[in-house]
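Welcome! Here is a short briefing to read alongside the sequence and the 3D view. Take it one topic at a time.

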Amino acid sequence: MDSRTETFETANGGAASGKPTGSNQADISLQIDGMSCASCVGRVEKAVKGLDGVAEVDVNLALNKAHIRFDRDKLDTAKIADAIKDAGYSVQQSQLSFDIDGMTCANCALRVEKALSAMPDVTSASVNFALERADISALPGKITDAAVIKAIEDAGYHATSRNKSNSDAGDGSDGPDAGDTAPAAKIDRSLILLAISALLTAPLVLQMVWMNFGVAYHLPAWVELALATPVQFIIGRRFYKGAWAALRHRSANMDVLVALGTSAAYFLSIYNMALSSGSETHLYFEASAAIITLILAGKIMEERAKRGASAAIRELMALRPRRARKLTEGEGEQDVAIESLAVGDIVRVLPGERLPVDGTVRSGESDLDESLITGETRPVARVPGDAVVGGAVNGTGRLDIEVRAVGDDTTLSRIIRLVEQAQTGKAPVQKLVDRVSAVFVPVVVAIAFATMIGWLLAGFGGEASIVAAVSVLVIACPCALGLATPTALVAGTGSAARNGILIRNFDALEQAHNVDTVIFDKTGTLTEGTPTVRDVCPVDGMDRNELVRLTAGVQAASEHPLARAIVSLARDEEMTVPEITNFKGKTGAGVMAEIDGRKVAIGSEALLSDQGIKQPNDETARAIQKHEGEGRTVILIAVDGVFAGYITLEDRIRETAKQAIADLKARGISSIMLSGDSQDVASYVARELDLERGEGRIRPQDKALEVEKLRKQGRHVAMVGDGINDAPALAAADVGIAMGGGTDVAMETAGITLMRSDPALVSAAIDISIATRRKIAQNLFWAFAYNVVGVPLAAFGVLSPAIAGAAMALSSVSVVGNSLTLRAWKAGGKE
């Protein structure tokens, strides 16, 4: 740290602590990514200084840090981070997750979210009511699990950490799997309480049924009191506890409505008992007990439904083996914990076992079931040299696998992170729901009070007025509103993941619904991506084997599929691939290098022209054009500045590609192909697949420009590529769709990743987007309609308190149940 920075921190009480230096002044130190020069420093300083409440900014390019003094009454860390992001840079943040117990409606989630957002050094907080989970972004090293848990508990709820390596957690949690059984145990406890509540409530309700059949028998008042009291204050304790926590924090939630409504019915009954002096009187114990019993039953059904919606995550987590057979020299097989494995170790997998890690098959052959990872229902054959993914089920063969990824770096772990990231996000419409939920309970209480006053003024008396007000209180349900969006999002993204479609966030889901144009890369997307050499054509006396040897030598430095095909040919023919020097690549054109003092250039006509190399003669040019017209890729080779020949390669079109394009066309979506191959090859593939158009000789950067061009024309564009050389176009598109393999670049660049290389999944991704948005719209409609219709009916006395309680309980269940229908969604099938 330079002296200027050190002085700044010392003078302001230590930037690392983020503690206020005065009554409302605070210092923070932000680690910034993306700065490369003094101009960047100026942009960051200008962006931050423009915020109201910033007193001083010091940006250090050498340390990539910004030290900021600001007024906490006017500004928070999140707004500062947003300003830096808007300037084109990013603030390094750590991600923390917590399970929350005790939330009963969307208002609870909002209160926790506000409490977390108010914490110093928290840049963003999101609480998902459906998943009962909080996710926060904070400045690295500034927030501990213990501090977050305390903030949640201060808000009136209980929290446990999902973070693996925070020593301050203090809760015994060991990661995402730790609390998986807690919801099930919670449901089991609730079932016991429900059984007791139902037994106590049944006699109270049965006497009402007897009356409808003309049986004039009433339980003694003291028996009704004895039955209703445990239900009200023991079974219903959770509602009082939740209501008190909410009111103590100057908020209101569903518990407030239930506690107010049932208490009014219960104490009205006691009041009537006191006035009756032994004579018969109208009691409402059955209403208070039935409301609590029915709402408890509804909550249990809701919890079970929510667990069903989030089943995809648990299914993926269940794929993680805990132990592995490690092979060591001299010691044979050793049973070890997964955590002890390192890259390069060899593990043995027996028939029927799950693969513990990502790796490469070193010996053995078998068929693997990868359905829960890639969505591919048929077993896939794996032989030595093939890559395999952890979590797949081994078939009948024994495999020895070299470890290439463990822990959080495995494909399965990345899939789980992506699905969780998508499921904990919020749809834009959720912001409206949150605003409605924030005022929902106070408005309902006001309506209930107005109902009571209205009935009194109409001359119906105090008892009837209170009963009508109770009905209003217990029929209103903020839960249905809070569950409408997240449950559909969780179920939709979970079903997509089971079918091999990973959706990173709701933005991708939202935009996929609007797509009207899909741009495809060719190699590895519409074609199989494993080209094979078809013809080797030397000219002017060049020896065929020498041409292959020189070409393979240069191409050995490249990872392009075409290059690998040529290198494979040389090795299959037992040629020695020579060493090269002065390797150079020209994006979208080709490569050059020196071998044994000879200059070799390999690539397109553009590359040879740039090097001043004379083009092939007319006869050779016609032969090349014929090959390209039949869909083959032709690469040209020049040695020492002279054209020496060409090699043709064939990359078969995927079997599902034609049907995939037809499916998109049936949906009114245009399909375009952009390829680095020649125009003849691009035109051939376009004709075969019935594409709108196919463009050849397109460089990676040109694909991004084409995406921008189409977007300016008003089209909603999806780009489909392999996620590596197509990264600029994937980022520029409305929706980036990375195909096959789930590589790091694909997952980080694309909004949607397809876990198997099947173009048919493109239309499936659009389908699940449409289905999920439809469910969200249906849920919100019914949640709003239920309250808009139900509250007036209760206010006018059409619904009794018990029926109103049942309706409240069922409203949330119906919303979650509607979302659960997405679990049956299949790629290529119907919703």
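## A first look

D135 is buried, with 16% relative accessible area, a value that falls under the 20% cut-off for that label. Please keep in mind that this is a predicted model. The protein has 831 residues, and 52% of them count as buried. Its chain holds 29 helices and 30 strands.

**The protein as a whole**

- The accessible surface adds up to about 36,000 Å², and carbon and sulfur atoms account for 54% of that area.
- Take the contacts between residues at least 6 apart in sequence: 67% of them join residues at least 24 apart.
- Salt bridges come to a count of 31.

**A four-stranded sheet**

- In what order do the strands of the open sheet lie? The order is β2-β3-β1-β4, four strands with antiparallel pairing.
- At the edges sit β2, residues 54-60, and β4, residues 90-91, and each of these pairs on one side only.
- As general background, the strands of a sheet pair through backbone hydrogen bonds, in a parallel or antiparallel way.
- Strand β1 covers residues 25-33 and runs antiparallel to β4, with two bridges joining them.
- If you want to find this pairing in the 3D view, look for I32, whose bridge partner in β4 is V91.
- Helix α3, residues 77-86, lies across β1, β3 and β4, and it runs at about 35° to β1.

**Salt bridges to look for**

- D135, the buried residue from the start, forms a salt bridge with R133, and the closest N and O atoms of this pair are 2.8 Å apart.
- Is R133 buried or exposed? R133 counts as buried because its relative accessibility is 8%, so both partners of this salt bridge carry that label.
- Back in the sheet, the side chains of E56 and R69 meet in a salt bridge, with 3.7 Å from N to O.
- That pair links distant parts of the chain, since E56 belongs to strand β2 and R69 to strand β3, 13 residues apart.
- E56 is partly exposed at a relative accessible area of 32%, and R69 is partly exposed too, at 21% relative accessibility.
- Another salt bridge joins R549 and D596, whose closest N and O atoms are 3.7 Å apart.
- Here too the pair links distant parts of the chain: R549 is in helix α19 (residues 544-555), while D596 is in the loop between β22 (590-595) and β23 (598-603), 47 residues apart.
- R549 counts as partly exposed at 22% relative accessibility, whereas D596 is exposed, with a relative accessible area of 62%.
- Salt bridges with shared partners also join R534, D535, K626, E630, R632 and E650 into one network.

**Helix α6 and a nonpolar patch**

- Helix α6 spans residues 182-212, and Q207 is found there.
- Why does Q207 count as buried? Its relative accessibility is 2%, and buried means under 20%.
- Leaving aside residues up to four places away in sequence, Q207 touches Y217, H218, L219 and E224.
- Y217 also belongs to a nonpolar patch on the surface, together with V205, L206, V209 and W210.
- Together, the residues of this patch have about 400 Å² of accessible area.
- V205, one of the patch residues, is found in helix α6 as well.
- In contrast to the buried Q207, V205 counts as partly exposed at 35% relative accessibility.

**Around Q334**

- Q334 lies in strand β10, which covers residues 332-337.
- With a relative accessible area of 29%, Q334 is partly exposed.
- Which residues does Q334 touch, not counting residues up to four places away in sequence? They are A324, R325, K326 and T328.
- Q334 and V347 are 13 residues apart in sequence, and in space their C-alpha atoms are 9.1 Å apart.

Methods: Residues are numbered from 1 along each chain as its sequence is written. This is a predicted model: local features need pLDDT of at least 70, side-chain atom pairs count only at pLDDT 80 or more; totals for chains, interfaces and linings use all residues. Side-chain values use heavy atoms; hydrogens and water are left out. Two strands pair if DSSP finds at least two bridges between them. Contact means heavy atoms within 4.5 Å. Axes are lines fitted to C-alpha atoms, for helices over the stretch in contact, and angles run from 0 to 180 degrees between N-to-C directions. Buried means under 20% relative accessible area, exposed over 50%, partly exposed in between (1.4 Å probe, protein chains only). A salt bridge is a side-chain nitrogen of Lys or Arg within 4 Å of a carboxyl oxygen of Asp or Glu. Patches are made of residues with over 30% relative accessible area and no salt bridge: like charges are joined within 9 Å, nonpolar side chains (Val, Leu, Ile, Met, Phe, Trp, Tyr) within 5 Å. Accessible areas come from the Shrake-Rupley method with a 1.4 Å probe; for residues, only the protein chains shown count as cover.
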